[in-house]
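Reader: I have a structure open on my bench screen and would love to talk it through with you. Could you show it here first?

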Amino acid sequence: MKTLFRIALTASALMLAGGAMAAPRTVTLEVENVSCVSCAPIVKKALSRVPGVSQVTVIEADGMATATVTFDDEKVTPEALTKATTNAGFPSTVKGSS
């Protein structure tokens, strides 16, 4: 009986812990002032250094860029991501998220 109780207790604890874990989120940022070949890598580096960011893709076109960022929403917010690009000299806004 003690073994059955321990199994039930462990299973309950694991289910509760699983629900408390953050799911990775993805946000798309529209980044301004991306006008040269070195700009997109600077934006990518600035976003990659933010704690909680796991993946960054930056695509440049016509002086603008789209940055797709995957992050842990318990560690960082989309606002912190836009602040990171702005601090690097490339103001951005949230274009979409999932």
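Reader: Where does T85 sit, in which helix?
Author: Happy to help, and please keep in mind that this is a predicted model. T85 has its place in helix 3.

Reader: Is T85 buried or exposed, and what is its relative accessible area?
Author: Beyond its neighbours within four places in sequence, T85 is in contact with L29, V43, L47, F90, P91 and S92. Buried means under 20% relative accessible area. T85 is therefore buried, as its relative accessible area is 0%.

Reader: Within what arc do the buried residues of helix 2 fall?
Author: The buried residues in helix 2 are C39, A40, V43, A46 and L47. Seen down the axis, they line one face of the helix, because they fall within an arc of 125°.

Reader: What covers the buried residues of helix 2?
Author: Two of these buried residues, C39 and A40, are also touched by V34. As for elements, the cover includes strand 1, strand 2, strand 3 and helix 3.

Reader: Which residues have the most contacts inside the largest nonpolar core?
Author: That core has 20 residues. Strand 1, helix 2, strand 2, strand 3 and helix 3 each supply at least two of them. Those with the most contacts inside the core are L29, V31, V34, L47, V69 and L81.

Reader: What is the phi of D62, in the turn between strand 2 and strand 3?
Author: These two strands pair in the antiparallel sense over eight bridges, with V53 opposite F71 in strand 3. They form a hairpin with two residues between them, and D62 in the turn has a positive phi of about 55°.

Terms used. Residues numbered from 1 in each chain as written. Predicted model: local features only at pLDDT ≥ 70, side-chain atom pairs only at ≥ 80, totals over all residues. Heavy atoms only, no water. Buried < 20%, exposed > 50% of the residue type's maximum accessible area, 1.4 Å probe, protein only. Helix = DSSP H or I, 4+ residues; strand = E, 2+ residues; numbered from the N terminus. Arc of directions from axis to C-beta. Contact = heavy atoms within 4.5 Å. Core = buried A, V, L, I, M, F, W, Y, C linked by side-chain atoms within 4.5 Å. Pairing = 2+ DSSP bridges.
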